[in-house]
Amino acid sequence: MEVPESLVGWQRLEARLKGVGVPRSAVAALASRCTLVRYPKGAVLFRQGGSGDLIFVLLSGAAKVYCPVQGAASILMEVAAPGDLLGYADFLDSAGARRQIFEVHALAPCSVALFTRSHIAEVLNALELNVLVHLLERAGSLWADIIRRHVRLLGMSLRERLQAVFDELGTKFGVEDARGVLIPLEIGQEDLAQMIGSSRPMVSRLLAEMTQQHSIARQGKNYIIPRTPVVPHRVHAQLLRRNIERIIESR
């Protein structure tokens, strides 16, 4: 089944692949042999320990990526946006089978494209060596960015972590309006606590402080990063850059 070209997530992934020299024919070969699946809000896309033979591409919606910890609360690592890859991190069990390291839940109704690792390998085997080198470099950069993000969070206070989480959500999902950047997701305090390694009561206290200082605002179940001197302008700049990328990708 081919991926509908109108889906934002596929457009973003296609632009990234073409950006490292993957030919259109290879992208089309990937798209021609995927399975499209829709998940309702709250559904589990896959669990830790499940089969790692599939790679997921988020085409629309939003998904929460958890790292379950035995005997403790799960860590909410990130909220995936359209175009993000899921299920690429795995481990080998005692029998040598690939297993999922993380667990993913649908934060909102979402659509995903499923690709088997064997089919991806077939497409990669047909690419030129220089293209494979670029892909390997990009994969290395991806893992470096993930490590850098988590190390950076470790060095922050809880308040700084919470602000960084809102900045990231604003960049990935934000919609500009007269008040600032609206994050059109239903993110609960428990979710925020799991993202910064804190408790729900602490997050509630931090949100009260940030609201009083005009660092964050609410509209129903959604948060708004206000357009005020208190909040750095980097979120607006990043969102503008993301919007420009979306326009380029849609062409």
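A residue counts as buried here when its relative accessible area is under 20%. Please keep in mind that the model you are looking at is predicted. With that cut-off in hand, let us start at a charged pair.

Asp-191 has a relative accessible area of 10%, so this acidic residue is buried. Its partner is Lys-64: the two form a salt bridge whose closest N and O atoms are 3.1 Å apart. The bridge joins distant parts of the chain, since Lys-64 belongs to strand β4 (residues 63-67) and Asp-191 to helix α6 (residues 189-196), with their positions 127 residues apart. Is Lys-64 buried or exposed? With a relative accessible area of 12%, Lys-64 is buried, and Asp-191 is buried as well.

Now turn to Glu-176 and Arg-227, which form a salt bridge with their closest N and O atoms 3.0 Å apart. Glu-176 sits in strand β11 (residues 175-177), while Arg-227 sits in the loop between β14 (222-226) and α8 (234-250), so this pair ties together parts that are 51 residues apart in sequence. Here the surroundings are more open to view: Glu-176 is partly exposed at 33% relative accessibility, and Arg-227 is partly exposed at 43%.

In total, the structure holds 14 salt bridges. General chemistry helps in reading them: side chains of opposite charge can pair when their charged atoms come close. Some of these contacts join up, and Glu-78, Asp-84 and Lys-172 are linked in a network of salt bridges.

Another pair brings us to helix α7. Glu-209 and Arg-205 form a salt bridge, with the closest N and O atoms 3.8 Å apart. Why are these two separated by about one helical turn? Because Glu-209 and Arg-205 are four residues apart in helix α7. The general rule is that an α-helix has 3.6 residues a turn, so residues three or four places apart point the same way. Glu-209 is partly exposed, at a relative accessible area of 30%.

Let us stay with this helix a little longer. Helix α7 (residues 200-212) has 13 residues and reaches 18 Å from its first C-alpha to its last, close to the 18 Å expected at 1.5 Å a residue. Which residues of α7 are buried? They are Val-203, Leu-206, Leu-207 and Met-210. Looking down the axis of α7, you will find these buried residues within an arc of 105°, so they line one face of the helix. On the other side of α7, Pro-201 and Gln-212 are exposed.

Nonpolar residues also appear on the surface. Leu-124, Leu-129, Leu-132 and Val-133 form a nonpolar patch there, and together they have about 330 Å² of accessible area. Helix α4 (residues 129-154) supplies the largest share of this patch, with three residues. Leu-124 comes from helix α3 (residues 117-125), and at 33% relative accessibility Leu-124 counts as partly exposed.

Finally, a word on the cysteines. A disulfide is a covalent bond between the sulfur atoms of two cysteines. How many disulfides does the structure hold? The count is zero. Two cysteines worth finding in the view are Cys-34, which is buried at 4% relative accessibility, and Cys-110, which is buried with a relative accessible area of 3%.

Terms used
Residues are numbered from 1 along each chain as its sequence is written. This is a predicted model: local features need pLDDT of at least 70, side-chain atom pairs count only at pLDDT 80 or more; totals for chains, interfaces and linings use all residues. Side-chain values use heavy atoms; hydrogens and water are left out. A disulfide is a pair of cysteine sulfur atoms within 2.5 Å. Buried means under 20% relative accessible area, exposed over 50%, partly exposed in between (1.4 Å probe, protein chains only). Patches are made of residues with over 30% relative accessible area and no salt bridge: like charges are joined within 9 Å, nonpolar side chains (Val, Leu, Ile, Met, Phe, Trp, Tyr) within 5 Å. Accessible areas come from the Shrake-Rupley method with a 1.4 Å probe; for residues, only the protein chains shown count as cover. A salt bridge is a side-chain nitrogen of Lys or Arg within 4 Å of a carboxyl oxygen of Asp or Glu. The expected span of a helix is 1.5 Å times one less than its number of residues. The arc is that of the directions from the helix axis to the C-beta atoms.
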